[in-house]
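The following exercises are to be worked with the sequence and the model side by side. Each task is followed by a solution in steps.

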Amino acid sequence: MQKACKHLKDADLEKLEAICVRHRKGKGAVIPILQEIQDIFGYIPEDCVNFVADRLEIARSHFYGVATFYSQFHFTPRGKNIVTACSGTACHVKGSEKLISILGRELGIPEGQDTSPDLNFTLEKVNCVGACSIAPVIIINNVVHGKMNGNKVAKEVIKLKGAGSDDGK
Ligand code: FES
C-alpha cells in the first residue's frame, strides 16, 4: 500500500480516514465516496482519490473510471458561483454562443478554461436543460433565467459581482 500523499493536510487526512471507515465494507461504494470527497473539497483532488483507493484497496483506476463517466464529478476546483449556459439547439439558434462569450469575458474566465483565477466563477456549457420554450437559457447558481439577451446577461453579471463574490469582504 502506498503512503498517504504528503500534499494532504492533517485535517484533510482525518476527513478522508472518516470516509474510509464509513465505507470499509462497501467495496461498491465508489460513487458515494466520490460524492463525499467532492462535498468536502468542492471538487475531487487526485491526492484524495489515491489515498482513499489505496486505503480501501480498490483500484485507483476504478475511481477515475467512474468519476470521468459522470458529469457531476469535477477534477478541478470550481468557482463559488456556477453559471451554466445552455448550448442546445434551441438556445444556439437564439444566440446562446454570443451570451456565452459575454459571460466568459465579464466573469474573467480565461480562454479554454471554465473557472476564473480567483475561483469566484465557473462557466459551464451544457446541452438542452429541458426549457427550450424559454431559450436561450442560463442557470445561475441553480436559478433558471430564460429568454436571455445581452442586456439581461450584463445585469445578472453585475448582480453576481455585487453579491459578495469575495465573501462580502
Ligand atoms: S436547447 Fe436550451 S433549453 Fe433546450
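**Exercise 1: The strands and their partners**

Asn81 has Phe121 in S2 as its bridge partner. The model is a predicted one, in which local features require pLDDT of at least 70 and side-chain atom pairs count only at pLDDT 80 or more, while totals for chains, interfaces and linings use all residues. Residues are numbered from 1 along each chain as its sequence is written.

Task: Establish in which order the strands form the sheet, and which strands stand at its edges.

Step 1. Begin with the pair S1 and S2, which is parallel and has 6 bridges. Strands here are DSSP runs of E with at least two residues, helices are runs of H or I with at least four, and both are numbered from the N terminus. Two strands pair if DSSP finds at least two bridges between them.

Step 2. Add S3, which is joined to S1 by 3 bridges in the antiparallel sense. Val83 faces Ile140 in S3.

Step 3. Strand S3 (residues 138–140) is also joined to S4 by 3 bridges, and these two strands run antiparallel. Here Ile139 has Val144 in S4 as its bridge partner.

Step 4. The result is an open sheet of 4 strands in the order S2-S1-S3-S4, with mixed pairing. Strand S2 (121–126) and strand S4 (143–145) each have a single partner strand, so they stand at the edges and one side of each lacks a neighbour in the sheet. From one strand to the next, the twist averages 20°.

**Exercise 2: Helices on the sheet**

Task: Determine which strands helix H6 touches and which strands helix H7 touches, then describe how H6 and H7 cross.

Step 1. Helix H6 (residues 96–107) packs on the sheet and touches strand S1 (81–86), S2 and S3; the directions of H6 and S1 make about 160°. Contact requires the C-beta atoms of two residues, placed from the backbone, to lie within 7 Å.

Step 2. Helix H7 (residues 150–162) packs on the sheet as well, touching S1, S3 and S4, and its direction makes about 10° with that of S3.

Step 3. Two packed helices are described by the angle between their axes and the distance between the axes. The axes of H6 and H7 come within 10 Å and cross at roughly 25°. Axes are lines fitted to C-alpha atoms, for helices over the stretch in contact, and angles run from 0 to 180 degrees between N-to-C directions.

Step 4. H6 and H7 are therefore roughly parallel to each other. Angles under 35 degrees count as roughly parallel, over 145 as roughly antiparallel, 65 to 115 as roughly perpendicular and the rest as oblique. The crossing of H6 and H7 is right-handed; a crossing is right-handed if the near helix is turned clockwise from the far one by less than a right angle, and left-handed if anticlockwise.

Step 5. On H6, the contact is formed by Lys98, Leu99, Ile102, Leu103, Glu106 and Leu107, and on H7 by Gly150, Val153 and Val157. These comprise 6 nonpolar, 1 polar and 2 charged residues. Ala, Val, Leu, Ile, Met, Phe, Trp, Tyr, Cys and Pro count as nonpolar, Asp, Glu, Lys and Arg as charged, and the others, Gly among them, as polar.

**Exercise 3: The helix pairs H1–H3 and H3–H4**

Task: State at what angle H1 and H3 pack and at what angle H3 and H4 cross, and classify each pair.

Step 1. Helix H1 (residues 10–22) packs with H3 at an angle of about 40°, their axes being 10 Å apart. H1 and H3 are therefore oblique to each other. Their crossing is right-handed.

Step 2. Leu16, Ile19 and Cys20 of H1 make this contact with Cys48, Phe51, Val52, Arg55 and Leu56 of H3. By class there are 7 nonpolar, no polar and 1 charged residues.

Step 3. For H3 and H4, the axes come within 8 Å and cross at roughly 130°. This pair is therefore also oblique, and H3 passes H4 in a right-handed crossing.

Step 4. Val49, Asn50 and Ala53 of H3 meet Arg60, Phe63 and Tyr64 of H4. The contact of H3 with H4 divides into 4 nonpolar, 1 polar and 1 charged.

**Exercise 4: Two loops**

Task: Find where Pro136 lies and where Glu57 lies.

Step 1. Pro136 is in the loop between S2 and S3. The peptide bond from Ala135 to Pro136 is cis, with omega near -5°.

Step 2. Glu57 is in the loop between helix H3 (46–56) and helix H4 (60–69). Although Glu57 is not a glycine, its phi is positive, at about 55°.
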